[in-house]
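Hi,

Here is the structure I said I would pass on. Have a look at it first, and my notes follow underneath.

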Amino acid sequence: MKKLQYILAGIMAFTMVSCEKDFFETDSPSAMDVSVFKSADMTEQAIGGIYNVFGEDKSFRNRLCGGYVALNTDIEFCNKGGGQAKESSTYIMSKGTGDLSTSNGKDPWAYLNSAIERANVVIDGIRQYSDTTDEAFRYLLGEALTLRAFCYLEMVKLWGDVPACFKSFDGNDLNELYVKKGDRNIIYEQLRIDLKDAARLMPWSAQCPGKAANYTGRPSKALAYGLLARMDLMYAGLALRPNQIVEGGTSDCSVQYNVKDAEARKALYQEVVWACSEIIKQEDTKLQDSFEEVFRDICSDVTDYSKSEYIWAIPFNNGVRGQVLCLSGLKISTNTPGVLINTISHGSGNENNTKVQAMIQIVPTFMFDFENGDKRRDVTVCPFQWEYDNGSGVSSDPSCFPGSETADKKLYQKFQDVSSLYLGKYRVEWMVREWDSNEDAIDMPVLRYADVLLMFAEAAIGSVEGNAPADLCGLSAQEQFDKVRLRAGLASKPLNMDNLMKERAFELCGENIRKYDLMRWGKLKSQLENTMTRLANLDAGTGEFAGRMDSVYFKYKLDDSFATKGHAYVFDKMYGLTLGDTAPAEYDKSQGWVKKAFYTKEDAHHLNPDEYYLYKAGVDVDMRHYWPIFDSNISASNGTLWNDYGY
């Protein structure tokens, strides 16, 4: 008992500030004895300590939720600092970057390890002291196992091989504080056990106990199965790995299979098929009818599990924590008072400027890859930012409204150039809450049902190492694949790996998934190189882009539903953003039409490879799949951590 008291005293003195629903905001138990795990309410508060870590600065609150992770890819880039694709190569991939690593342990590595240790304490405590025949304790044990698995998956995605520690520190041997970095396959195998155990312990969302019932902010059986599927696809896939683990670090690394045996990989794909089929059979109505509504719901706080496509989203409390929209949302000019857009008032309600950094932008070639009629394009890719003309001319663009008496004091969608295409899945105008400063507190999406359908389809192909079979686990892989396409307004398309890889891009762009897909497919390097070639063609109007239009034609319509006062103008018609477009026959300036150059600015090409690049010349992309472990973490590790991959 003294061992557990020692552990609890060290980690349970937390104040809940990060997450939604009442249980996240109650006072913590004293946790000075094992009675914590005799009470379901107190154990639930102990699990709240794991969520608390998610809400810390440089944790999922900001550094792990968008802009800093999963970039650059063939469809997304990080514009941090300069508005150019080069930023993720120069700004993020640094062992001592201030925004990610500091000397006081407040960094993503430290917080993920802290969350894992808190989960270890809860798991050990419940198993040793709780009545696990009680449904409340069974759920809480499943929840803790799932949260620990989620954190470990994030660590492997970000750093590759990391320490594996699946028991709480008991205080007997201080050397146990330092766990040596080891082979990630050890973690994968343990998580396979844990997530299947969690799925056994937890019910479906509607049957979860207490405040967890029908709530997207708490795990259920579906999340355990979904994370198992996601992890198995990683495990069965390719990864950058040391050819031989060398303490102290090595550059002798290559992209290779995590699992060398082909039959073992096939078994992993079959496990993905099974796990996803369990979700699909139980929740076959979860795919929403409207793609746009999926993201309207996450922005407007729809957390009712039965009404949401999300299987899990990390919850953040209103106005307190969370910068998902701030970092990943549709761009809003700093000249634009937040109170003018929809019903959003920033704190006191005065006309403070908004703080949407829009760190995730869209690689320009991707906009032209969507099939004609794909409803996802205009939700995902926005060739504009919100702008406000305050009448002074400082933020106005008079050429957009030539000769119009509405030439000032208006909110409008300002057309951008080709290198400034913004992610449109998270938008201020879809919010219903008030927010202050940069803490928008939108829940952080982790897994949604469309991803489950596509994972099932992919695993069906992998389980037979060829084209997808007609039926697996009583489900048609082609039918699950088509569900996603039909929702997008598209016809059925043969299910094969090439089409599957493209479909995941169109469906999941901007959701911190694409990079890890490309990594496990062994295609990160080739796709980035191919995209840079395509960007050069787009810039020059050659190759597949020989028919592109140099200018875009558009006109506005008045839509004051976007403005709390005054007028708002949104695009009505637009030509030039689809290959094959021609100038509209009805183009006439006197009728409100506007013509804007799309590819040049001050006679300089926007996509000049010296200024706009997805990876640095001379750097082997296949040695830069992961973040480095930060210097501050290595120096505090007592020799148990090191960097590989040439860092």
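**What I found**

Tyrosine 645 is buried, at a relative accessible area of 3% (buried means under 20%, exposed over 50% and partly exposed in between, with a 1.4 Å probe and protein chains only). Its place is in the segment after α18 (631–635), and tyrosine 645 has a positive phi of about 65° although it is not a glycine. Helices (H or I, at least four residues) and strands (E, at least two) are DSSP runs numbered from the N terminus.

Before you read on: this is a predicted model, where local features need pLDDT of at least 70 and side-chain atom pairs count only at pLDDT 80 or more, while totals for chains, interfaces and linings use all residues. Residues are numbered from 1 along each chain as its sequence is written, and side-chain values use heavy atoms, with hydrogens and water left out.

**The chain as a whole**

The protein chain has 18 helices and 15 strands, and 60% of its 647 residues are buried. Take contacts (heavy atoms within 4.5 Å) between residues at least 6 apart in sequence: 74% of them join residues at least 24 apart. The accessible surface is about 23,700 Å², with 46% of that belonging to carbon and sulfur atoms; areas come from the Shrake-Rupley method with a 1.4 Å probe, and for residues only the protein chains shown count as cover.

**The sheet**

There is an open sheet of 5 strands in the order β7-β8-β12-β11-β13, with mixed pairing. Its edge strands are β7 (384–389) and β13 (594–597), each pairing on one side only. Two strands pair if DSSP finds at least two bridges between them.

Strand β8 (residues 410–415) runs parallel to β12 (residues 567–575), with 3 bridges, and lysine 410 stands opposite histidine 567. On the other pairing, β11 (residues 551–558) and β13 are antiparallel and joined by 4 bridges; valine 552 has lysine 596 as its bridge partner there. β13 has Val594 and Lys596 on its covered face, and Lys595 and Ala597 on the uncovered one.

**Salt bridges**

I counted a salt bridge when a side-chain nitrogen of Lys or Arg is within 4 Å of a carboxyl oxygen of Asp or Glu. That rule gives 43 of them. Three pairs to look at:

- Arginine 148 and aspartate 194 have their closest N and O atoms 2.9 Å apart. Arginine 148 is in helix α5 and aspartate 194 in helix α6, so the pair ties together parts that are 46 residues apart in sequence. Both ends are buried, arginine 148 at 2% relative accessible area and aspartate 194 at 2% too.
- Glutamate 271 meets arginine 192 at 3.0 Å, N to O. This pair links helix α8 (residues 262–282) to helix α6, 79 residues apart, and both residues are buried.
- Arginine 504 pairs with aspartate 451, the closest N and O atoms being 2.8 Å apart. Here the link is between helix α15 (residues 497–508) and helix α13 (residues 449–462), 53 residues apart. Arginine 504 is buried at 3%, and aspartate 451 at 1%.

There is also a network of linked salt bridges, with Glu309, Glu371, Asp374 and Arg376 among its members.

**Inside and outside**

Back in helix α5 you will find leucine 145, which is buried with a relative accessible area of 0%. Leaving aside neighbours within four places in sequence, leucine 145 is in contact with Ile123, Arg127, Asp194, Asp197, Ala198 and Leu201. Aspartate 194 is therefore shared with the arginine 148 salt bridge.

Helix α16 (residues 514–521) has 8 of its 8 residues buried, so it is largely enclosed by the rest of the structure. Charged residues such as Arg514, Lys515 and Asp517 are among the buried ones. Just after α16, glycine 522 takes a positive phi of about 70°.On the outside, Leu174, Leu177 and Tyr178 make a nonpolar surface patch of about 300 Å². For patches, residues need over 30% relative accessible area and no salt bridge, with like charges joined within 9 Å and nonpolar side chains (Val, Leu, Ile, Met, Phe, Trp, Tyr) within 5 Å. Leucine 174 lies in the loop between α5 (135–159) and α6 (184–201) and counts as exposed at 53% relative accessibility.

**Backbone oddities**

Leucine 71 and asparagine 72 are joined by a cis peptide bond, with omega about 0°. Asparagine 72 sits in the loop between α2 (40–54) and β1 (76–78). Aspartate 301 is another non-glycine with a positive phi, about 65°, and is found in the loop between α9 (291–299) and β4 (310–314).

Cheers
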